[in-house]
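I sat down with this one to see how the chain is put together. My notes follow in the order I looked things up.

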Amino acid sequence: MSFTDLGLRAELLKAVAAKGYAQPTPIQARAIPPILRGRDLLGGSQTGTGKTAAFTLPLLERLADSMPHGRRVPRALVLTPTRELAAQVADSVATYGRGLDLRSAVIFGGVGMRPQFDQFRRGIDIVIATPGRLLDHAGQGTVDLSRIEILVLDEADRMLDMGFIHDIRRVMKRLPARRQNLLFSATYSPAIKELADGILRDPVLVEVARRNTAAEGVSQTVHPVAKADKRSLLAHLIREGGWNQVLVFTRTKHGANRLARQLKNDGISADAIHGNKSQNARTRALSDFKSGRVRVLAATDVASRGLDINRLPHVVNYDLPNVPEDYVHRIGRTGRAGETGAAYSLVSADERPLLREIERLLNRSIPVSEIAGYAMNESDRAETPARPSRGEGSAGGGKAGRFNGASNSRRKPFRRRTSGRGGAKR
Ligand code: AMP
């Protein structure tokens with residue numbers, strides 16, 4: 001299958017060729033033809049699969065195919081959970097749409113409304129937006145959403161996680177009933193199914209990675225380590241491995257700041273990216289990281305969402321995420337579009353329950369490697385869960401006593417060398 005077989009016009013093929021893409025990724029090959037036919041689509045795919053082009057290319061094709069006369073009002077709307085993802089989708093729209101007479105605008109909060117309003121006034125075909133700011137504009141009557149022909153919900157699972165469901169519904173009320181709907185999500189929860197059922201009409205289903213599986217081509221390793229030794233282990237791994245570009249996940253904004261500061265003190269260039277930083281600071285941190293000026297980017301889950309960094313070789317979970325699905329999202333930052341990458345998790349004893357939930361979700365255990373000089377002593381190994389386990393929902397595993405491996409045959413990597421401390425300690 002080549003791009004020319006997909007039914008895209010010459011301008012789009014040229015833009016794709018200029019990007020150097022030899023052939024469509026699986027999601028592109030499967031999603032582009034039905035979208036071009038006007039079908040609704042439910043796309044199950046993670047970042048890194050080429051999903052942005054999978055909806056952007058046919059969206060541009062369809063809009064270019066039916067240029068209206070007169071003033072331009074938005075005909076396509078892409079909703080994303082974060083500003084970064086909105087900016088990245090907008091970049092893709094601009095890149096692929098270079099040869100077409102279509103105008104796009106990216107709309108998110110944290111920056112002034114006025115320039116956005118001016119863009120609408122000049123006439124826009126495609127709006128890429130986070131839900132909150134779009135509603136601000138809609139509420140003030142500065143954007144007319146009544147002529148939207150194509151709606152895309154990108155990373156819908158994350159939008160729900162971030163509590164955008166009411167905003168999404170409010171946006172929906174402003175759209176015309178007849179339209180094409182495309183919904184992309186990396187995971188399928190009952191909430192996503194409900195959202196999809198309410199929005200999509202007889203959708204084509206395109207699923208590229210198996211449900212909740214981690215990105216292929218990514219090696220995963222757990223390094224057990226005492227909490228107090230995490231930073232020194234990280235610095236050790238970065239130096240010994242000669243890692244020049246590593247995205248490090250922390251659970252909190254404060255943790256991201258602190259880690260970046262400490263690494264700098266250790267002589268390793270680092271910056272932090274999280275929701276408390278201004279849009280400008282986030283953009284600058286990301287571009288410094290992409291260009292190699294900064295070796296380590298410490299990020300929270302929300303801020304990292306959708307970051308498109310080509311060939312990111314290393315991802316580190318400095319803290320394990322509270323939500324197992326976030327692990328899949330995090331390691332999806334590496335090994336993108338056929339590249340290989342490596343994900344390392346620094347796991348202290350209190351995080352073992354979280355690790356087990358992740359392994360349960362992945363339905364596999366993650367290989368453990370103890371680094372010489374960082375082995376835990378007996379008191380480091382004492383397991384006091386950081387927080388109670390989350391509600392059930394993922395596949396497999398025991399019901400009661402989830403922290404207690406005694407009656408469970410799944411491999412418990414951490415228990416190999418411990419003397420049988422066990423039991424659910426709450
Ligand atoms: P996405 O899943 O949309 O975030 O895309 C992941 C990465 O894959 C981006 O850096 C794209 O530029 C790249 N990409 C998209 N389509 C292709 C393709 N057909 N061949 C190679 N790389 C691609």
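**The seven-stranded sheet**

I started with the strand order and got an open sheet of seven strands, β3-β4-β2-β5-β6-β1-β7, with parallel pairing. Edges next: β3 (104-107) and β7 (204-207) each have a single partner strand, so one side of each has no neighbour in the sheet. I also checked the twist, which averages 10° from one strand to the next. Worth noting here that I'm working with a predicted model.

Then I picked one pair from the sheet. Strand β5 (residues 150-153) and strand β6 (residues 180-185) run in the parallel sense, and I count four bridges between them. Which residue of β6 is the bridge partner of Ile150? I find Gln180 there.

What lies across the sheet? I looked at helix α2 (residues 26-36), and it lies across β1 (41-44), β6 and β7. Against β7, α2 runs at about 165°.

**Two helices side by side**

I turned to helix α8 (residues 165-173) and helix α9 (residues 190-199). Their axes come within 13 Å and cross at roughly 5°. An angle under 35 degrees counts as roughly parallel, so I put α8 down as roughly parallel to α9. I listed who makes the contact: from α8 it is Ile165, Ile168, Arg169 and Met172, and from α9 it is Glu194, Leu195 and Ile199.

**Around β11**

New region, so I began with the partners of strand β11 (residues 296-299). Strand β9 (residues 246-249) pairs with β11 in the parallel sense over four bridges, and in that pairing I see Phe249 opposite Ala299. Strand β10 (residues 270-273) also runs parallel to β11, again joined by four bridges. There, Ala272 stands opposite Ala298.

Are the two faces of β11 covered or open? Both are covered: I have Val296 and Ala298 buried on one side, and Leu297 and Ala299 buried on the other. In general, the side chains of a regular strand alternate between the two faces of the sheet.

I followed the connection as well. β10, helix α12 (residues 279-291) and β11 form a β-α-β unit, and I get a right-handed one.

**One residue up close: Ala285**

I wanted a single residue from that unit and took Ala285, which lies in helix α12. Why does Ala285 count as buried? Its relative accessibility is 1%, and the cut-off for buried is under 20%.

Beyond its neighbours within four places in sequence, I find Ala285 in contact with Asp271, Ala272 and Leu297. I also took the C-alpha to C-alpha distance from Ala285 to Ala298: 9.8 Å in space, with their positions 13 residues apart in sequence.

**A helix with every residue buried**

Next I checked helix α14 (residues 324-331). Eight of its eight residues are buried, so I'd call α14 largely enclosed by the rest of the structure. The buried set includes charged-looking entries I made a point of writing down, among them Glu325, Asp326 and Arg330. Pro324, Tyr327, Val328, His329 and Ile331 are on the list too.

**Whole-chain numbers**

I closed with the totals. The chain has 16 helices and 13 strands. Of its 426 residues, 55% are buried. Among contacts with a separation of 6 or more, I get 76% from residues 24 or more positions apart. The accessible surface comes to about 18,400 Å², and carbon and sulfur atoms hold 47% of it.

Definitions and conventions:
Residues numbered from 1 in each chain as written. Predicted model: local features only at pLDDT ≥ 70, side-chain atom pairs only at ≥ 80, totals over all residues. Heavy atoms only, no water. Pairing = 2+ DSSP bridges. Axes fitted to C-alpha atoms, helices over the stretch in contact; angles between N-to-C directions. Contact = heavy atoms within 4.5 Å. Buried < 20%, exposed > 50% of the residue type's maximum accessible area, 1.4 Å probe, protein only. Right-handed = clockwise from strand over helix to strand, strands pointing away. Areas by Shrake-Rupley, 256 points an atom, 1.4 Å probe, with all protein chains shown as cover. Parallel < 35°, antiparallel > 145°, perpendicular 65-115°, else oblique.
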